[in-house]
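User: Could you take a close look at the part of this model where the two chains meet? I'd like one connected walk-through, including what sits behind that contact.

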Amino acid sequence: MSPFVDFVIKNGFLMDACGVIGLGLLGLGAVRLSRRYQSWGGSLLAFGAMLLLIGRLWVIVMKQFMTAKAAASMGHTMSELVMLAPFVLLTAGLAGVVWGLWGHEQWLRSER
Amino acid sequence: MTLPPDVLPLASISAMRPVFLIIMGVFLLLTAWRITRGTTGWAPRLLMGGAMMLAIGYSVIVPLYQGGVLMAIPASGIVVGDAASAVAWEVIKLVTMNGGWLVFGLGLAIHAGVFETEKSAAPVQVPISSSSIHEPLR
């Protein structure tokens, strides 16, 4: 196994951190766009980035804490809900980011 | 009206989600291309690079995992089938999704001017005595 592949597989947490940092930067930039330039796409973008961030963190935390024992103590319905909720968040967040980016593009076009 | 049983699963959430992801990935790339068209600098480069990685991740890799073509590595670490290709796809997924968001977020942050300092609009008062050393002393 090459050193790079070895590194990525063994330090999966580091890669997850990269994604979370990127989403944070995305949210920061989007908030700045909507606050300073009054771009309506920016606020949608920030909303989507926040949903994605929550969903991503949920998935990462769930990988650590959602053991078979924890799932059994929560009951079937609750554990299903906890397992499926991040995917709703991730889907809605992606839609928000794409819609917000499109809105920002329209705003740029009308401003130029 | 009764639908045949093999049509119903096509309308379910688990069948719609990969299609949704493919459309979103392509649309993200398209919108990023439209934003960065005809511009130069690091912000459009990073935006475009991140959007390309995300488009690969969302339109190709994640739907393949969701559709069951590629199998995720289980927590036990025992892979059914070809272990090398499973590891390789896992690496591609990790790099495109996480790296894509990192590069795309960095590009948007630069585009929004997060790393720039705004000039203060407050009036600057220069003391009269230090305005010019050539003025005669009063």
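Analyst: Let's start right at the contact, which takes 28 residues from chain B and 26 residues from chain A. On the chain B side, H1 and H3 each supply at least two residues. The largest share there comes from H3(B), with 17 residues. As for chemistry, the chain B side divides into 19 nonpolar residues, six polar and three charged. Keep in mind throughout that this is a predicted model.

Since H3(B) supplies so much of that side, let's check its geometry. The helix covers residues 83–112 of chain B, 30 residues in total. At 1.5 Å a residue it should span 44 Å, and its end C-alpha atoms are 43 Å apart, so the two values agree. Just after the helix comes B:Gly113, which takes a positive phi of about 75°.

Now for a residue in the other helix, H1 of chain B: B:Met24 is found there. It counts as buried because it has 20 C-beta neighbours inside 10 Å, and 20 is the cut-off for that label. Leaving aside neighbours within four places in sequence, B:Met24 is in contact with A:Leu94, A:Ala95 and A:Val98 across in chain A, and with B:Tyr58 in its own chain. B:Met24 and B:Tyr58 are 34 residues apart in sequence, yet their C-alpha atoms are 7.6 Å apart in space.

Behind all this is the largest nonpolar core, which has 47 residues; the ones that touch the most other members are A:Ala49, B:Leu28, B:Leu47 and B:Ala51. Both chains feed this core: the elements giving two or more residues are helix H2 (12–36), helix H3 (40–65) and helix H5 (76–111) of chain A, plus helix H1 (13–36), helix H2 (42–66) and H3 of chain B. To see one of those well-connected members up close, take B:Ala51. Not counting residues up to four places away in sequence, B:Ala51 touches B:Leu28, B:Leu29, B:Ala32 and B:Phe104.

Over in chain A, the fold has five helices and zero strands, so to speak an α-α-α-α-α run from the N terminus on. A compact globule of 112 residues would have a radius of gyration near 13 Å, but chain A has 18 Å. Its C-alpha atoms fill a box of roughly 55 × 45 × 20 Å along the principal axes. Of the 112 residues in chain A, 32% count as buried. Among contacts in chain A between residues at least 6 apart in sequence, 77% join residues at least 24 apart.

Two residues of chain A make a handy contrast. A:Ala46 is found in helix H3 of chain A, and it is buried because 23 other C-beta atoms lie within 10 Å. Setting aside residues up to four places away in sequence, A:Ala46 touches A:Gly27, A:Ala30, A:Val31 and A:Ser34. Looking the other way along the chain, A:His76 is 30 residues from A:Ala46, and their C-alpha atoms are separated by 34 Å. A:Gln38, by comparison, is found in the loop between H2 and H3 of chain A. With 11 other C-beta atoms within 10 Å, A:Gln38 is exposed. Its backbone is worth a glance too: A:Gln38 has a positive phi of about 50° although it is not a glycine.

Terms used. Residues are numbered from 1 along each chain as its sequence is written. Chains are lettered from A and ligands numbered from 1 in the order in which they are written. This is a predicted model: local features need pLDDT of at least 70, side-chain atom pairs count only at pLDDT 80 or more; totals for chains, interfaces and linings use all residues. Helices (H or I, at least four residues) and strands (E, at least two) are DSSP runs, numbered from the N terminus. The expected span of a helix is 1.5 Å times one less than its number of residues. A nonpolar core is a set of buried Ala, Val, Leu, Ile, Met, Phe, Trp, Tyr and Cys residues joined through C-beta atoms within 7 Å. A residue is buried if 20 or more other C-beta atoms lie within 10 Å of its own, exposed if 12 or fewer, and partly exposed in between; C-beta atoms are placed from the backbone. Two residues are in contact if their C-beta atoms, placed from the backbone, lie within 7 Å. The radius of gyration is taken over C-alpha atoms; the globule rule is 2.2 Å times the number of residues to the power 0.38. Ala, Val, Leu, Ile, Met, Phe, Trp, Tyr, Cys and Pro count as nonpolar, Asp, Glu, Lys and Arg as charged, and the others, Gly among them, as polar.
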